[in-house]
Structure formats: structure tokens, C-alpha cells
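Please take a moment to look at the chain as a whole before turning to its parts. The paragraphs below lead through the model step by step, beginning with the ligand.

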Amino acid sequence: MNIRVLIIEDESLIRWSLQQKFQQRGYEVTEAENGEAALEALQAGEYDLIMLDYKLPDMTGLDILRRMRDMGKETVVIMITAFSNIEDAVEAIKLGAFDYVAKPFQMDQLLITVDKALETTQLRRQVRELRSRLQHEFGFDRIIGQHPSMLQLFDVINSVARSSSSTVFLRGETGTGKDLVAGVIHYNSDRAPKPFMNITCTAISETLLESELFGHEKGAFTDARAQKKGLFELADGGTVFLDEVGDMSPTLQAKLLHFLENRRFRRIGGSTEISVDVRVIAATNRDIEEAIKAGQFRKDLLYRLNVVPIFLPPLRERGDDVRLLADHFVSIYSREFKKPITAVQPEAYAKLAGYGWPGNVRELRNVIERAVLLCKEDVLKPADIVLGSGQTASVEDTLAGLDLPPGGLDFDQLENKMLRQALARAAGNQTKAAKLLNLSRDTFRYRLEKHNLL
Ligand SMILES: Nc1ncnc2c1ncn2[C@@H]1O[C@H](COP(=O)(O)OP(=O)(O)OP(=O)(O)O)[C@@H](O)[C@H]1O
Ligand SMILES: [Mg+2]
């Protein structure tokens, strides 16, 4: 994409030399020789960078910065100022200018500042895009369902999102949408611009989890070489999602309880309490009442978490939602695999409806993903739908020596590593590599693409 620069400068020689340099670099340049023309140019277009002279015939650069602020423009600005006006440049930085260069300037020096500024523009853009993508990904309409239990759920989620601070406890079997709902609550609340921090309490050891959540001071334990902030601190103003909270150790349960009661905590090895404003969303697929009976979960913590209890119904109890979700995933995967599926045979729906869905929506999604990938025509037939785990004994055997490490692992990284190893072993031959992983070539290529390995 073209880089667009606006040069606001009344000295034609400077304007000309900047314009020449920028055009050599392939930038699209707009020029303004006074404040009025500058404001017009600002109204008319969007820029990646603005070079702004401090002293213009009809106003100052500071006036322009103020006007930009009022217009809600966040474009990166480099001030150009005479040496005698450095204080004004400092004022400009306070008003949001990115940096300044003093006249007379060395072109090389100036270009270094320009590169840094453009990098910032790029980063800001990425952050904005990421945020809008997340907001889209976690829009209300992403939760599919029309069963009365789901309609009730939408009401609750809606009011919880608006309530901003109340603690939420999400319960439901695996694959029922707890992660999805947690994200939807955050991204539809006034906390959306602040961080959404997500941690799975089972995936890591107790000490590591404690330090992840609460942070530590330098020297708090052998490996603590520097101070580290925990998720609660990093998420200040936002939301912390504690997944699988039912598996938390008793010590950490006590510390979490203390936090929920006081909204304050200490870093490991710290002496002062830190206050933060975060909403806690917890989730579990365990039977917490059983865990309490077995002495593994604190009753008082359950009360604290359960301010807004949300129960996600299992898919098998959601009637026609199975069909609705199937259509939803068919449309997603036919787009993704570029396979236009025009219809699903009634018998195929019937097959889906008659199944128990122990893995709930996640399982349905996987079944449809596979069906779309493997189907030969543009109509999904019962034969395309493979229910139950497709795992064979031989796979089980190979995996026998491969155990989940006690500290857990990053599954995405594992997949990435296996894909690369298979490719290497097959000397780059994708068909052979796919065979090594017992995948079809299409699936294999799809996964390579997902990991940017194509
Ligand atoms: N109602 C829904 N509409 C659309 N997609 C859904 C719905 N519920 C779940 N999904 C999708 O199903 C998959 C599994 O959902 P999610 O990860 O939220 O489940 P979970 O309850 O957190 O499971 P687990 O207990 O195993 O962590 C995700 O891809 C999610 O987007
Ligand atoms: Mg989950």
C-alpha cells in the first residue's frame, strides 16, 4: 500500500526537498503551504505521516495539532522547528506529536525519524485492525442458537456485558462455548478497549500459575531474576478469564478468594498490596459440587465466583440448534476450503440430530469441517458425516509413549513441529508428508496454510 505523507511547510525550498526525497521513496505526497490549506488537506484525506512546520503564516503548528485533536485525527506527526523554538517542540510532543526535527536538518537524520514514525503508524494500524477483528470475532451474533435455553442465555450475557464488574461463573460441558461466551462478554462491555487476559489453570504448575496470575518481585524465588507483573495487573481495566478454575490448587484458591473479596493482591515476595480494577470470568467443565464434597474446591470461593452463574446447555438438549449450527459451520468451511456446498441432505441432518454430541459444539464443528473437506460433491450426504472418534488402535499405539508433560504444552506449537518434521522427513513431498501424519493431502495443505508453512 502507498504511504501517504502530508507536508505542511511554508518555506518552499524545504517543502520541495522533502517532497523530492519522499517521492524517491515512492510515497504519495500532499503539500500545504499554510494552516488553512493544511486543515483542508486534513479534512479531505487520510495520511500515514504528517510533517508539520511550527511557524506558518496564518497559525502555528500547535494550532494545527489542537485542531487535529478536535477532529479525532491520530495521524503520526513530526514537527519541524527552528533551533530557537525547542520549547515549542516539547509543547508539541505534549499535544501528541511523535517527534521533532530542528531546522536546519540533515536529510539522513530526518529520514531515520521518518522511518520510526512510519513504524509507529504501522503498529497503531495493526492494533486497530486486531481490535476490530476481535470485536467482530466476539460479536453477539457469533453465538449461534435459538433454543429457549439459548435465548435466555443471550439475555443474561447482554445484561452481564453491561454490568461491567460483576464476576461471572461459566459452567458447562466441554465444547459448549465457554471460551466464546467469555470473549463475547468482554468485547461487548465497556472494558473492551482494555486487555482480555486468558489463562487455563490446569495447563501449568502451581508456582508458575501463581506467578502468572499475581506476578512476582525480583528474587522472590530462584528463577525470579526480575520483577514481573501478573495477569491481574496487566489486565487492569479489563477482564481476566480463568479457565478450568475447578482445577486450581487449594493455596491458589485461597489467594483468588482474597483477591475477589478485596480486589487487592500481593505479588509473590511482595510486601505491599496492589489494587486493580478487573472483571473476573471463571469457567469449569467439572462438577464443582462434587469437587466441594471431595474437599477439592472451596465452598466460599464458589459463592464468590457465582455472582452471575451462567450454565451452557449441552448440545444434545438444544433440539434444532444442531441443524442451525451445522448450517453455520458448513457455510464457514465451504468458504474456507473454497468448496461451495449447496445443500445438506435431510438424511444427513437426521444423522446429526440422532447423535449424542459428547464433545458438544466443538465436536459438531470438527465433524462438519471434515465432512466439507472430504465430500466429493456439492451436497453433504450421510456418508460424509463421520461420527464418534475416528481414532484407530494403531494411532493409540504410536501415541502411547507420548504423554502430556506435567506443565502442559502449547498444542499449536506441537502441531507446527509435527508438520515441519513430516515435511522434512518426506523431503518436501507433501503427499508423502501427509501420509506420515495419516492426513489427506487437502487436510495437510490446509494445516500448512494455517501455520504459514506453505
Ligand atoms: N453457540 C455457539 N455458536 C457458534 N459457535 C460455537 C457455539 N458454542 C461453541 N462454539 C464453537 O465451538 C468451539 C468450542 O467452544 P469453546 O472453546 O468456547 O468451548 P468450551 O466450553 O470453552 O470448551 P472446553 O470446556 O473444552 O474448554 C469453538 O470453536 C466455538 O467457537
Ligand atoms: Mg474452554
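**Around the ligand**

In this predicted model, ligand 1 is surrounded by 16 residues, and the closest of them are Thr174, Gly177, Lys178, Asp179 and Val361. Sorted by class, the residues of this shell comprise five nonpolar, seven polar and four charged ones. Two helices are worth finding here, since α7 (178–187) and α15 (360–374) each supply at least two residues of the shell around ligand 1.

To place the ligand within the whole chain, it helps to know how the protein chain is divided: domain 1 covers 4–130, domain 2 covers 138–313, domain 3 covers 316–384 and domain 4 covers 409–450. Between which domains does ligand 1 lie? Domain 2 and domain 3 both give residues to the shell around ligand 1, so the ligand lies between these two domains. As for domain 1, its centre and that of domain 2, taken over C-alpha atoms, are separated by 44 Å.

**Helices that pack together**

We can now follow the chain through three pairs of helices, starting with helix α3 (residues 61–71) and helix α4 (residues 86–94), whose axes come within 10 Å and cross at roughly 0°. Angles under 35 degrees count as roughly parallel, and that crossing angle therefore makes α3 roughly parallel to α4. Their contact is made by Gly61, Leu62 and Leu65 on the side of α3, and by Asp88, Glu91 and Ala92 on the side of α4. By class, the residues in this contact of α3 with α4 are three nonpolar, one polar and two charged.

The next pair is formed by helix α8 (residues 206–214) and helix α10 (residues 250–262), which pack at an angle of about 15° with their axes 10 Å apart. With this angle, α8 and α10 are therefore roughly parallel to each other, and α8 passes α10 in a right-handed crossing. From α8, the residues Glu206, Leu209, Glu210 and Phe214 take part in the contact, while α10 brings Thr251, Leu252 and Lys255. The contact of α8 with α10 contains three nonpolar residues, one polar residue and three charged residues.

How are α13 and α14 oriented to each other? Helix α13 (residues 321–336) and helix α14 (residues 346–353) pack at an angle of about 120°, and their axes are 9 Å apart. The two helices, α13 and α14, are therefore oblique to each other, and α13 passes α14 in a right-handed crossing. Here the contact is made by Val322, Arg323 and Ala326 of α13 together with Tyr349, Leu352 and Ala353 of α14. Of the residues in this contact of α13 with α14, five are nonpolar, none is polar and one is charged.

**Two places in the backbone**

Finally, the backbone itself deserves a careful look, because most residues other than glycine have a negative phi, and most peptide bonds are trans. Against that background, a cis peptide bond joins lysine 103 and proline 104, with omega at about -5°. Proline 104 can be found in the loop between β5 (99–103) and α5 (107–137).

The other place to examine is glutamate 244, a residue other than glycine whose phi has a positive value, near 55°. Glutamate 244 is located in the loop between β10 (239–243) and α10, and α10 is the helix that packs with α8 at an angle of about 15°.

Conventions: Residues numbered from 1 in each chain as written. Chains lettered and ligands numbered in written order. Predicted model: local features only at pLDDT ≥ 70, side-chain atom pairs only at ≥ 80, totals over all residues. Axes fitted to C-alpha atoms, helices over the stretch in contact; angles between N-to-C directions. Helix = DSSP H or I, 4+ residues; strand = E, 2+ residues; numbered from the N terminus. Parallel < 35°, antiparallel > 145°, perpendicular 65-115°, else oblique. Left-handed = near helix turned anticlockwise from the far one by under 90°. Contact = placed C-beta atoms within 7 Å. Nonpolar A, V, L, I, M, F, W, Y, C, P; charged D, E, K, R; others polar. Near = placed C-beta within 6 Å. Domains from an automatic or database assignment.
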